[in-house]
Amino acid sequence: MGTFKEWIRDWLAADRPYDQFVQDILTSEGDSFLVPATAFWAPATDFMLKKFEVNRAVPTVTRLFLGVRLECAECHNHPLENFTQDDFYGLSAFFARMRVKHGMGEFRRTWFLEDEGEVEHPVTKKPVPPKFLGGAVAASEGLDRRTALADWITSPENPYFARAIVNRIWH
């Protein structure tokens, strides 16, 4: 985490745009010691199983970059918002191909993408296509799905991104 904190500090010191920061985090892959942005994915890892957990990534991404708490929608439609399980699993599908390999040392990890991997909806038992929050299915064929998500999250058309960072700063 030390390299991650230094990377953030250097990013801020260089006065680089926040949308690029988010793009770099969401599309990061590689060795956590060489690509500090990959440390972002560590909380989504089950360390006992040494496995990346897609459903752990979604709440972090939505809370930090969209200002939305989507945890409830993993198990049932959100009671206080207009978000459904379809929204949760549609976002999960963006991360379905991410994997982690644990290396030498307790904290060394390499994040990479598989060519295949889908998220199964718990009710329909069918694969879920990547879908933007409250929106359309993403055109991500042949691409890193996370790139499509990062482009949408940082897009001016996304109603959540700017509000989330403004609220974070004001808080």
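This section describes helix packing, strand pairing and selected residues in a predicted model.

The N-terminal part of the description concerns helix α1, formed by residues 2-13, and helix α2, formed by residues 18-26. Their axes lie 11 Å apart, and the two helices pack at an angle of about 155°. Since angles over 145 degrees count as roughly antiparallel, α1 and α2 are therefore assigned to that class. The crossing in which α1 passes α2 is right-handed. On the α1 side, the contact is made by Phe4, Trp7, Ile8 and Trp11, and on the α2 side by Gln20, Phe21, Asp24 and Ile25. Classified by residue type, this contact of α1 with α2 comprises six nonpolar residues, one polar residue and one charged residue.

Aspartate 24, one of the α2 residues in this contact, is partly exposed, with a relative accessibility of 32%. When residues up to four places away in sequence are not counted, aspartate 24 touches Trp7, Trp11 and Ala37. Of these neighbours, Trp7 and Trp11 belong to the α1 side of the helix contact. Aspartate 24 is also separated from threonine 38 by 14 residues in sequence, with a C-alpha to C-alpha distance of 9.0 Å.

The loop between α1 and α2 contains aspartate 15. This residue is not a glycine, yet aspartate 15 has a positive phi of about 55°. Its relative accessible area is 68%, and aspartate 15 is thus exposed. A positive phi, of about 60°, is also found at lysine 125, again a residue that is not a glycine. Lysine 125 is located in the loop between β6 (119-120) and β7 (127-128). With a relative accessibility of 52%, lysine 125 counts as exposed.

A second helix pair consists of α3 (residues 54-66) and α6 (residues 161-170). The axes of these helices come within 7 Å and cross at roughly 75°. Angles of 65 to 115 degrees count as roughly perpendicular, and α3 is therefore placed in that class relative to α6. From α3, the contact involves Arg63, Leu64, Phe65 and Leu66, whereas α6 contributes Phe161, Arg163, Ala164 and Arg168. The residues of the contact of α3 with α6 divide into five nonpolar and three charged, with no polar residue.

Arginine 69 is situated in the loop between α3 and α4 (85-92). The relative accessible area of arginine 69 is 53%, which classes the residue as exposed. Arginine 69 and proline 59 are ten residues apart in sequence, and their C-alpha atoms are 6.5 Å apart in space.

Helix α4 is largely enclosed by the rest of the structure, because seven of its eight residues are buried. The buried residues of α4 are Gln85, Asp87, Phe88, Tyr89, Gly90, Leu91 and Ser92. The elements covering them include the helices α3 and α5 (145-153), together with the strands β6 and β7.

Three strands form an open sheet in the order β1-β5-β4, and their pairing is antiparallel. Strands β1 (30-31) and β4 (98-102) stand at the edges, where each has a single partner strand, so one side of each is left without a neighbour in the sheet. In general, strands of a sheet pair through backbone hydrogen bonds, in either a parallel or an antiparallel manner. Strand β5 (residues 109-113) runs antiparallel to β4, to which five bridges join it. Within this pairing, methionine 98 stands opposite leucine 113 of β5. Two bridges join β1 to β5, and these strands also run antiparallel. Glycine 30 has tryptophan 111 in β5 as its bridge partner.

Terms used
Residues numbered from 1 in each chain as written. Predicted model: local features only at pLDDT ≥ 70, side-chain atom pairs only at ≥ 80, totals over all residues. Heavy atoms only, no water. Axes fitted to C-alpha atoms, helices over the stretch in contact; angles between N-to-C directions. Helix = DSSP H or I, 4+ residues; strand = E, 2+ residues; numbered from the N terminus. Parallel < 35°, antiparallel > 145°, perpendicular 65-115°, else oblique. Left-handed = near helix turned anticlockwise from the far one by under 90°. Contact = heavy atoms within 4.5 Å. Nonpolar A, V, L, I, M, F, W, Y, C, P; charged D, E, K, R; others polar. Pairing = 2+ DSSP bridges. Buried < 20%, exposed > 50% of the residue type's maximum accessible area, 1.4 Å probe, protein only.
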